[in-house]
Amino acid sequence: MNEIKVVRIYDHEQPAGYRILVDRLWPRGMSKVKAHLDEWDKEIGPTNELRKWFNHEDDKYPEFKSKYIAQLKANPATPALIKNVKEKLAKENVLFLYGAKNKKYNQAVVLKEFIDKQLS
């Protein structure tokens with residue numbers, strides 16, 4: 001069965017699947033050619049205010065997660081992303097690509113959990 005995978009865009013090993021960049025900002029130093037994106041969903045990333053407040057500080061992650069989920073629920077782009085992911089999962093894995101250094105605490109992890117719940 002196909003699944004959503006969270007993948008750091010800078011990692012050398014990249015699994016196969018439909019590639020969606022879920023960051024609001026383009027990853028520094030990454031060329032559009034090397035990224036091999038199928039889609040860049042800027043609107044689904046956390047707001048600039050929330051992103052700057054979080055600043056990838058591990059101790060802020062629980063609060064960041066709840067604030068970002070609230071943003072996802074209010075975001076008019078969320079239903080279209082859920083529909084798109086559901087359609088793509090019927091054929092292949094979906095990769096949520098992000099640029100953050102921290103692989104455990106970032107918005108792509110939150111987004112995957114959120115969408116997995118919506119699809120179950």
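Two strands count as paired if DSSP finds at least two bridges between them. Strands (E, at least two residues) and helices (H or I, at least four) are DSSP runs, numbered from the N terminus. With that in hand, β1 and strand β4 (residues 94-98) are joined by 5 bridges and run parallel.

A word on the model: it is predicted, so local features need pLDDT of at least 70 and side-chain atom pairs count only at pLDDT 80 or more, while totals for chains, interfaces and linings use all residues. Residues are numbered from 1 along each chain as its sequence is written, and side-chain values use heavy atoms, with hydrogens and water left out.

**The sheet**

Strands of a sheet pair through backbone hydrogen bonds, either parallel or antiparallel. Here the sheet is open, has 4 strands in the order β1-β4-β2-β3, and its pairing is parallel. β1 (4-8) and β3 (39-40) are at the edges with a single partner strand each, so one side of each has no neighbour in the sheet. Looking along the β1 pairing, Val6 has Phe96 of β4 as its bridge partner, and Val7 stands opposite Leu97. On the β2 side, β4 pairs over 4 bridges, again in the parallel sense, with Tyr18 bridged to Val94.

How well covered is β4? Mostly: 5 of its 5 residues are buried, where buried means under 20% relative accessible area, exposed over 50%, and partly exposed in between (1.4 Å probe, protein chains only). Val94, Phe96 and Tyr98 point one way from the strand, and Leu95 and Leu97 point the other way. Helix α4 (residues 78-89) lies across β1, β2 (18-21), β3 and β4, and runs at about 160° to β2. For that angle, axes are lines fitted to C-alpha atoms, for helices over the stretch in contact, and angles run from 0 to 180 degrees between N-to-C directions.

**Helix α3 and its neighbours**

α3 has 14 residues and spans 20 Å from its first C-alpha to its last, close to the 20 Å expected at 1.5 Å a residue; the expected span is 1.5 Å times one less than the number of residues. Its buried residues are Tyr61, Phe64, Tyr68 and Leu72. They cover an arc of only 70° around the axis, which means that they sit on the same side of α3; the arc is that of the directions from the helix axis to the C-beta atoms. The face turned away from this buried side carries the exposed residues Pro62, Lys73 and Ala74. The cover over the buried residues of α3 includes α2, α4 and α5 (107-119).

Leu50 belongs to helix α2 and is buried, at 6% relative accessibility. Leaving aside residues up to four places away in sequence, Leu50 touches Phe64, Lys67, Tyr68 and Gln71, where contact means heavy atoms within 4.5 Å. Leu50 and Gly17, 33 residues apart in sequence, are 29 Å apart in space, C-alpha to C-alpha.

**Two histidines with positive phi**

Most residues other than glycine have a negative phi. The table lists two residues to look at in this light.

| Residue | Phi | Loop | Relative accessible area |
|---|---|---|---|
| His36 | near 50° | between α1 (32-35) and β3 | 54%, exposed |
| His56 | about 55° | between α2 (48-54) and α3 (61-74) | 37%, partly exposed |
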